[in-house]
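Have your viewer ready and your selection tool at hand. We will go from one helix to its surroundings, then out to the surface and the whole chain.

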Amino acid sequence: MSLGKNIQYLRKQKKMTQEQLAEAMAVSRQTISRWETDEIIPELNKLVALSELFACKLDSLVREDMGACDEIYSEVTVKTVKAFRMARYVMLTPNPEDDVNGYMDNWARRSGLLELQPDAMRIGWDFPFVPPEMHTRFGIHGYVAAYILPEGFATSCPGVEFADQKEADYAVITIYDPFAAVDRIRKGYKRVLEFLQANGFCEKPKEGVLSCFEYVYEKEGMTCMDVYLHVDSVSKTDSFTNFS
């Protein structure tokens, strides 16, 4: 663990130069450089100011290795997801994610979607409207799976709900090998929320827009998960029309 490396890591996460951080901390750029190389340790009031600026706990700043997860998580970026149409279905079961993904895969084959577009993208998100008693007594959870439909796709195959998603901005993080540890996905969401707080974004519920969703795919032999959280439109670092 290195306090200096943590300061450097958080500064880069916030996309600040040493000069910008120096101005925010009312010190010289040389002082920031000496902090980041562990040549000197910031005074307590500066440590508190750093934790407030980077929206992190003081204990984490001082004690943790905050850059240790770089091989697990990408940087968080804000992207514009273009409007799309989807076919979706929800299941409430003890293992809803696997169950509903299997259901939607079967529907995609029967409907002809996978024949038309073999790489059609399937996304998913937690379904929060599960009665507490079902959850606590019977271990029932809810999950929604949806296939993104190509423009002009039509089918009479029943068993799904069709819905339209409006264009919207999302904070996005990629989690590598997300199922390798039980808390890896949860920590990914936490990193996105910390990014939003540190950079002045906020979650913004909006009619016709998913508040969050996940996209799981294989890349170079590794399972990856992109997590999307809808945010207020403040700034954009990228724009795209699909989920590749």
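**Stop one: around helix H4**

Select helix H4 and show its neighbours: the cover over its buried residues includes helix H1 (3-13), helix H2 (18-25), helix H3 (29-36) and helix H5 (58-63). Keep in mind that this is a predicted model.

Which residues of H4 are buried? Within H4, which spans residues 44-53, pick Lys46, Leu47, Leu50 and Ser51: these are the buried ones. Now look down the axis of H4: the buried residues fall within an arc of 140 degrees, so they line one face of the helix. As a reminder, an α-helix has 3.6 residues a turn, so residues three or four places apart point the same way.

Next, step past the end of H4 to Ala55, where phi is positive, near 55 degrees.

**Stop two: a patch on the surface**

Select Leu44, Val48, Leu58 and Val62 and turn on the surface; together they make a nonpolar patch with about 290 Å² of accessible area. H4 and H5 are the elements that each give two or more residues to this patch.

Click on Val62, which sits in helix H5. Is Val62 buried or partly exposed? Val62 counts as partly exposed because its relative accessibility is 31%, and buried means under 20%.

**Last stop: the whole protein**

Zoom out and colour by secondary structure to find nine helices and nine strands. The C-alpha atoms fill a box of roughly 70 × 40 × 35 Å along the principal axes. Of the 244 residues, 44% count as buried. The protein exposes about 13700 Å², with carbon and sulfur atoms supplying 50% of that area.

Terms used:
Residues numbered from 1 in each chain as written. Predicted model: local features only at pLDDT ≥ 70, side-chain atom pairs only at ≥ 80, totals over all residues. Heavy atoms only, no water. Buried < 20%, exposed > 50% of the residue type's maximum accessible area, 1.4 Å probe, protein only. Helix = DSSP H or I, 4+ residues; strand = E, 2+ residues; numbered from the N terminus. Arc of directions from axis to C-beta. Contact = heavy atoms within 4.5 Å. Patch = residues over 30% accessible without salt bridge, like charges linked within 9 Å, V, L, I, M, F, W, Y side chains within 5 Å. Areas by Shrake-Rupley, 256 points an atom, 1.4 Å probe, with all protein chains shown as cover. Salt bridge = Lys/Arg side-chain N within 4 Å of Asp/Glu carboxyl O.
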